[in-house]
Amino acid sequence: MKMLKIKEQLTVDLSAAKTLEEVEQVRVRYLGRKGVITTLAKNTDFRTLSAEEKRSFGTKLNELKNFAEEALAEAKEKAAAVKHAQKATGLDLTLPGTGKKLGNLHPISLIQLELENIFQGMGFTVVPSPECELEFYNFDAVNIPADHPAREMQDTFWLKNGMLMRTHTSANQVRTMERLGVPLRAIFPGRCFRNEAVDPSHENTFYQCEGLVVDKDISVANLIAVMKTLLGEIFHREVTVRLRPGFFPFVEPGFELDLQCLICGGKGCSTCHGTGWIELIPCGLVHPRVLEYAGVDPKEYSGFAFGVGLTRLAMMKYGIPDIRLLNAGDIRFNEQFPAMV
Ligand code: FA5
């Protein structure tokens, strides 16, 4: 075997040797009395070599020996460290896998990825947004001043430094306009927090996906077209929705888009509180004052915004009757959803 080949083969053999015993076997194979490197000189016919070739052979052989000794010492050290860790923790990292499949995506992640895909198809940018917010962006910038009754409906968790856990993804509206400028088409999905009683459809920690479009001549017709596309793509079937007036200080006019409950088919159940409807997507045209807060001229630009209840959307899509199942961390629940791809 040529020296280069020996070097390559030694490297391969050592990478497969995980235990101290296996490393020792490799040492014997290469540097033992009858080892490949040891016998290299014996098997070479020096009579056929010139003085220069003999010198070169000697240098290369020494280099190979040094390489082998260093590589073996390193492998031995690694194997000893694994053995030590194994002893200390009882964990054997060299054991083969159990053959079990990889984990599943949580239904919220699944629905979020699906939504991102749909909106990206409509030219929206997916914008990351902070969960811990300044009071200004969560409330004042979306036209909810300190004395506004809407603040009471969204009580939250306050931090000692005066910041808060955001109550809605609308907190990112003005931030996004400031960052990206207008015109813009963006969604910002994420976690929200509210200090409220938990029941089958309310959690203190839940997900929303905000959408914001600002451009010239935006109207309610644009908003309805986007909502229709969204629901058609999400449910792949006929669903019944209703649009009714809704009040939010940061939109004018404002609407509530409700979905007929898919758990009970509209008859009334604990998920929909007996009403047959689930409040799913509050929406409306961006209030001029919000545009002004972001430094956008409302005479030139208009826009629409919506806040999809991502958690409730997942419940409707996958037939999950109780919101508490989503945060329970029960692996048997997660395993019912499509595996990770
Ligand atoms: C808002 O949070 C507004 N920011 C939405 C909005 C955005 C309106 C843009 C207009 C324009 P609301 O408080 O209704 O609105 O919450 C929106 C959705 O979040 C609800 O329809 C519901 O699906 C979901 N949601 C609200 N509170 C909870 C909760 N405690 N648990 C689970 N989902 C909730």
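Reader: Strand 5, mostly covered or not?
Author: Mostly covered: eight of the 11 residues in strand 5 are buried. Bear in mind that this is a predicted model.

Reader: What does strand 5 pair with on the strand 4 side, and in which sense?
Author: Strand 4 and strand 5 run antiparallel, paired over 10 bridges. One bridge in that pairing joins Phe-193 to Thr-205 of strand 5.

Reader: And how many bridges between strand 5 and strand 9?
Author: Eight, again in the antiparallel sense. There, Asp-215 is opposite Ser-302 of strand 9.

Reader: What is the strand order of the sheet?
Author: The order is 1-4-5-9-8-7-6, an open sheet of seven strands with mixed pairing. At the edges are strand 1 (125-126) and strand 6 (241-245), each of which pairs on one side only.

Reader: How does strand 1 pair with strand 4, parallel or antiparallel?
Author: Parallel, over two bridges, with strand 4 covering residues 184-193. Thr-125 stands opposite Ala-186 in strand 4.

Reader: Which strands does helix 8 touch?
Author: Helix 8 (residues 172-180) packs on the sheet against strand 4, strand 5 (205-215) and strand 9 (302-309). The helix direction makes about 140° with that of strand 4.

Reader: Same for helix 9: which strands does it touch?
Author: Helix 9, residues 220-235, also packs on the sheet, where it touches strand 6, strand 7 (251-260), strand 8 (277-286) and strand 9. Its direction makes about 30° with that of strand 9.

Reader: Changing topic. Where is Met-122?
Author: Met-122 is in the loop between helix 5 (107-121) and strand 1.

Reader: Buried or exposed, and why?
Author: Met-122 counts as buried because its relative accessibility is 18%, and the cut-off for buried is under 20%.

Reader: What is Met-122 in contact with, beyond its neighbours within four places in sequence?
Author: Arg-185, Val-226 and Thr-229.

Reader: How far apart are Met-122 and His-168?
Author: They are 23 Å apart in space, C-alpha to C-alpha, and 46 residues apart in sequence.

Reader: On to the rings. How many aromatic pairs in the whole structure?
Author: Nine.

Reader: Which residues form the aromatic cluster with Phe-119?
Author: Phe-124, Phe-304 and Phe-306 form one cluster with Phe-119.

Reader: Last one. Which ring does the charged end of Lys-7 sit over?
Author: The ring of Phe-67, with the charged end of Lys-7 at 4.8 Å from the ring centre.

Conventions. Residues numbered from 1 in each chain as written. Predicted model: local features only at pLDDT ≥ 70, side-chain atom pairs only at ≥ 80, totals over all residues. Heavy atoms only, no water. Pairing = 2+ DSSP bridges. Helix = DSSP H or I, 4+ residues; strand = E, 2+ residues; numbered from the N terminus. Contact = heavy atoms within 4.5 Å. Axes fitted to C-alpha atoms, helices over the stretch in contact; angles between N-to-C directions. Buried < 20%, exposed > 50% of the residue type's maximum accessible area, 1.4 Å probe, protein only. Phe/Tyr/Trp six-rings, centres within 6.5 Å; stacked < 30°, edge-to-face > 60°. Lys NZ or Arg CZ within 6 Å of the ring centre and 35° of its normal.
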